[in-house]
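Let's take a quick walk through some charged side chains and who they pair up with. Have the model open as you read.

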Amino acid sequence: MRTKLFLAAATAALAGVASATAGAAGHGIPYSFLGKLTAAPSGGRISISVEGGNRPALRALLGSSVAQTFAYGDRTEFLRWTNGVPAVVQAGDLKSGDYVRVNVRAPRGSSLDTIEATTAGLIGDHGTRLTRPDRPDYLFRGTVVSVGSSTVSVDVRGGNRRALRLLLGSSRTQTFAVGGSTIYLRWQGRVPTVTDLGGLTSGDRVAIHVRAAAGSTLGQVTSTAAAKVAEHEPAGRS
């Protein structure tokens, strides 16, 4: 039975960790698989022992072994995440035993064989341990209005349900606190680079991620230093 994927267990293990990200360029939907790397990638193949994934990925895996092998190629981006900060690496830099997320974009309803034969767009190495955030993510998306020494004002145009619920009856323009622990990223396609507050200018499209207690008010969320400010963050990326 160890070779079978238990959907409920995998989903629980992944809660708050996995997110759907874009895979290879083209049409389709993202399939995101999370698991431990069982061997160093080679020959355009990467093998993992799957422990979770997004809903389309887990649906494709029903009835299959947790041991799966995916394709990668010249267009695949490899990232290593350390304390929320990404660095671009090569396939050979990934280490057996690390948790990796394999992101593939394929047509909705694709078979597992089709997904595995499709070149992955992004493979992220998250190290030997996964840390589940202890507070929910309040995500606001919009454009920068102004930047202060410790604040970023944003014209909010979207976000996750938790964040948008707080904005009901409030101004669309909100000022968010930032601090020494805030991570600043600039995405170019599927590759993020680390920047700083000084890199933000009026009109930039940003995603503001704030980790705050469940049930927080809008004032409590905006006064909590953002965990991450990301320019041009792809939809579904967290």
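Which side chain meets Arg157 in a salt bridge? It's Asp155, with an N to O distance of 3.0 Å. Keep in mind that this is a predicted model.

## Arg157 and its partner

Arg157 sits in strand β9, which covers residues 151-159. The two ends of this salt bridge have unlike surroundings: Asp155 is buried, at 11% relative accessibility, whereas Arg157 is exposed, at 59%. The pair also shows up as a polar contact of 3.0 Å between the side chains.

Beyond its neighbours within four places in sequence, Arg157 is in contact with Arg141, Gly142 and Arg172. As for Thr173, 16 residues from Arg157 along the chain, the C-alpha atoms of the two are 9.1 Å apart.

## A link between two strands

Side chains of opposite charge can pair when their charged atoms come close. Another salt bridge has the side chains of Arg186 and Glu231 meeting at 3.2 Å, N to O. Arg186 belongs to strand β11 (residues 183-188) and Glu231 to strand β14 (residues 228-231), so this pair ties together parts 45 residues apart in sequence.

Arg186 is partly exposed at 26% relative accessibility, while Glu231 is buried at 3%.

## A small network

Lys228 and Glu233 form a salt bridge too, with their closest N and O atoms 3.8 Å apart. Both Lys228 and Glu233 are buried. Arg141 joins Lys228 and Glu233 in a network of salt bridges, and Arg141 is also one of the contacts of Arg157.

How many salt bridges are there in total? The count comes to five.

Note on methods
Residues numbered from 1 in each chain as written. Predicted model: local features only at pLDDT ≥ 70, side-chain atom pairs only at ≥ 80, totals over all residues. Heavy atoms only, no water. Helix = DSSP H or I, 4+ residues; strand = E, 2+ residues; numbered from the N terminus. Contact = heavy atoms within 4.5 Å. Polar contact = N/O pair within 3.5 Å; in protein donor to acceptor, adjacent residues only side chain to side chain. Salt bridge = Lys/Arg side-chain N within 4 Å of Asp/Glu carboxyl O. Buried < 20%, exposed > 50% of the residue type's maximum accessible area, 1.4 Å probe, protein only.
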